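Reader: Before I accept the labels attached to a model, I like to see each value set against the rule that gives it its name. Could we go through this one in that way?

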Amino acid sequence: MAGRRAGAGAGAGALLALLALRALRAAAHPQCLDFRPPFRPPQPLRFCEQYSAFGCCTAERDAALARRFGALAARVGAAVWAPCAGYALDLLCQECSPYAAHLYDAEDPATPLRTVPGLCEDYCLDMWQTCRGLFRHLSADQELWALEGNRAKFCRYLSLDDIDYCFPRLLVNENLNLNLGHVVSDAKGCLQLCLEEVANGLRNPVAMVHAGDGTHRFFVAEQVGLVWAYLPDGSRLQKPFLNVSQAVLTSPWEGDERGFLCLAFHPRFPHPPKVYVYYSVGVGFHEWIRISEFRVSEDDANTVDHSSERIILEIEEPASNHNGGQLLFGNDGYLYIFTGDGGMAGDPFGKFGNSQNKSALLGKVLRVDVDRNERGPPYRVPPDNPFVGEPGARPEVYALGVRNMWRCSFDRGDPLSGAGRGRLFCGDVGQNKFEEVDLVERGRNYGWRAREGFQCYDRKLCANASLDDTLPIFAYPHKLGKSVTGGYVYRGCEYPNLNGLYIFGDFMSGRLMSLQENPETGQWQYSEVCMGHGQTCAFPGLINNYHPHIISFGEDEAGELYFMSTSVPSATAAHGVIYKVIDPSRRAPPGKCRIRPAQVKVKSRLIPFVPKEKFIRTPESTPRPTERPKARPKAPASTKSPRRSSPIATSPSPSPPPARPTRRPGGRRGSGRRRGRPGTTDLSLPNGAVRLVRPSGLSSGRGRVEVFVDGRWGTVCDDAWDDKAAAVVCRQLGFPHVVRAARRAEFGEGRALPILLDDVRCSGDEHSLLGCKHAGVGIHNCGHQEDAGVVCSHQDPNL
């Protein structure tokens, strides 16, 4: 048996082999008695040496268990101790097991904590034979003592309901130990991570930054033009750090990309006490982006002096979308500014577009020097900028050929070797087929509008030998998402397994994604990021779901990773949440990542953080991003330039909202009846009339199809429903474009209605569904689980 040994070292080598550090399968749930993930001890353990590679004990805890072992030896007679010492060592060291919480029933707060780890029946029966008296010295459990004379009841009392986790069977359980210690991945290779909610109630949080001043505060910008300061304990200052909401141009309409977009602290903050901001401004139909410098107030380190604003740069925007919106300071001390191509579809400005025009500041990465600018110009051009001195080129240009880079970051580099330090990663939003991630380097051309992702967009430009463009490190098609949100390479302390992993997302699909570089080939391997299956995220304070519209990513001062998302992507809807990314499979050793924030004097009232998000208990499935029911404003038609549908940076370019709203947000929407009510007879309607019924939270233009025939409403049930039939429905409802034919009751089942049409086959030109071929009114061989639906649009989805 595993425990029948007189010395502590027997079997340690075999156990270490079982504890190989690889990716943990979904069924396993390693957790320590402090309700946190296991870790690799900083130095080998002397007593419980079998858990030196991975477990739940520090050297201090290991020493305490050794002292307890010595005290047991002193209390138990030598004749009894000789055959039982190995058992005692086994049982004491289970506190160091990666599965300690499971062994001691600590995972369920409603269950009393065991005083002895859960034992497999055969092991217990064998131990009872010679060492049952040992338990009186290991446990104060009187009920256990009372069962000492009954072998079967005694071992049943010490057993676990989940026999896979009992000791010592879990040591040789391949499902638990094969990949112990690395990031969890499911059968499809999806990395299973967890989240911690750190802030909520925000209106489209577009940026989260830190000041780098040792205070470990973080600052969150809302699209409307307010920036809030948060302290390390999670509390928020009631008074905004910055408020330029009166100057910022944005609107309540979902899809408005204008607004306050970014801020960055001077790299030597607070000396000088400067912060730089990027926001949209406009008068009438004239719009531009503004980069300004503010100084932090001398009287309050948590607010800026609003009278100190100094405009660094303004760039006119020919359209209301593709506004860029990133500010970063590089390791060189220079300010990097990321602009969009000017808006509309296909960068139509000039002969080759703004992005390929070196004399234009749009569609570029700019680099300027804002040091020592108290006198003279607000910025200078670094002498090593790549196009300094080139005729016709703007000297501020650092890189060109970008469409609309949304969220960029500098890699901090490997904590030990520094590898990767200074690399500049950007997510560049695509046009109508591909999203891409770029590594931005000095003087490079990133291809837009000649190229989208790896493929040609403008074939004539793409074939131009002088293009010399740099391909992205990764691009993905629109079946995965339609608006990339660039992220960060994880370089924090708390989760060693994530080191070097570039984590990013997509605003439209809600996907979290990752890239890992192969250092030998330089290739990047893609893995999707899921929320942990089953009990993977069942740690106190953690959650396994998030709102679907991923707006931005951020780092705190210690390098830990966060992202911001919302369920209602409107600049006035307070549904934004900030999540911290957690690896549940391994953490850093306790105490290694302790921070000591520098004190900052607080003059404002503090608002304590109250979490609202909940862990979703599901046995197997991974919760997808959470779409909250919502009522959202519908933008009126506009004659202005086409734009994308996200609030910040999405791919297709539908029509923009007006500069100021002309309707009350949340007003009555057209298209479709009241949601969720059975149809009523309306004899004034013509045969073949259609309507859409949509579940709560969906915008007009999408829903389940219902048709009116002979004085009654009914459903269309068709498992072969296609785009041509959907186009007829969309045109009947006043939509010029069909985005998708939805099948299999995607928008609900019309169980209260008869099935009137089946086997509908249309050419797409019919005036109504009754003009298409079909099985006959009321004739069908299907059920409501096949009810048809459509997604219609006023904008061409290919733009």
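Author: What follows takes several labels in turn and sets each against its cut-off.

The model is a predicted one, and its chain has 11 helices and 37 strands. Of the 799 residues of the chain, 58% count as buried.

Reader: Why are α2 and α3 called roughly antiparallel to each other?

Author: Helix α2 (residues 59-75) and helix α3 (residues 78-93) pack with an angle of about 155° between them, their axes being 11 Å apart. Angles over 145 degrees count as roughly antiparallel, and α2 and α3 therefore receive that description. Their crossing is, in addition, right-handed.

Reader: What makes up the contact between α2 and α3, and how do its residues divide into nonpolar, polar and charged?

Author: From α2 the contact takes Leu 65, Arg 68, Phe 69, Leu 72 and Ala 73, while α3 supplies Trp 81, Ala 85, Ala 88, Leu 89 and Leu 92. Of these residues 9 are nonpolar, none is polar and 1 is charged. Since Arg counts as charged, the charged residue is Arg 68 of α2.

Reader: What makes strand β30 mostly covered?

Author: A residue is buried when its relative accessible area is under 20%, and in β30 (residues 576-582) 7 of the 7 residues are buried. Both faces are covered, with Gly 576, Ile 578, Lys 580 and Ile 582 on one side and Val 577, Tyr 579 and Val 581 on the other.

Reader: How do you know that β30 pairs with strand β4 and with strand β29?

Author: Two strands pair if at least two bridges are found between them. Strand β4 (residues 191-202) and β30 have 6 bridges in the antiparallel sense, with Lys 580 of β30 as the bridge partner of Glu 196. Strand β29 (residues 561-566) and β30 have 4 bridges, again in the antiparallel sense, and Ser 565 stands opposite Val 577.

Reader: Why are β10 and β13 said to stand at the edges of their sheet?

Author: The open sheet has 4 strands in the order β10-β11-β12-β13, with antiparallel pairing. β10 (260-265) and β13 (304-317) each have a single partner strand, so one side of each is left without a neighbour in the sheet. Neighbouring strands of this sheet are turned by 25° against each other on average, with direction ignored. Within the sheet, β11 (residues 274-283) and β12 (residues 286-296) pair over 10 bridges, and Trp 288 in β12 is the bridge partner of Val 281.

Reader: Why are Asp 468 and Arg 744 called exposed?

Author: Exposed stands for a relative accessible area over 50%. Asp 468 has 66% and is therefore exposed, and Arg 744, at 56%, likewise counts as exposed. Asp 468 belongs to the loop between α10 (459-462) and β23 (474-477), whereas Arg 744 lies in the loop between β35 (737-742) and β36 (755-757). Although Asp 468 is not a glycine, its phi is positive, at about 50°, and Arg 744, not a glycine either, has a positive phi of about 55°.

Reader: Where does a cis peptide bond lead into a proline?

Author: The bond from Phe 167 to Pro 168 is cis, with omega near 5°, and Pro 168 is found in the loop between α8 (151-157) and α9 (174-177). Trp 448 and Arg 449 are also joined by a cis peptide bond, with omega about 10°.

Note on methods: Residues numbered from 1 in each chain as written. Predicted model: local features only at pLDDT ≥ 70, side-chain atom pairs only at ≥ 80, totals over all residues. Heavy atoms only, no water. Helix = DSSP H or I, 4+ residues; strand = E, 2+ residues; numbered from the N terminus. Axes fitted to C-alpha atoms, helices over the stretch in contact; angles between N-to-C directions. Parallel < 35°, antiparallel > 145°, perpendicular 65-115°, else oblique. Left-handed = near helix turned anticlockwise from the far one by under 90°. Contact = heavy atoms within 4.5 Å. Buried < 20%, exposed > 50% of the residue type's maximum accessible area, 1.4 Å probe, protein only.
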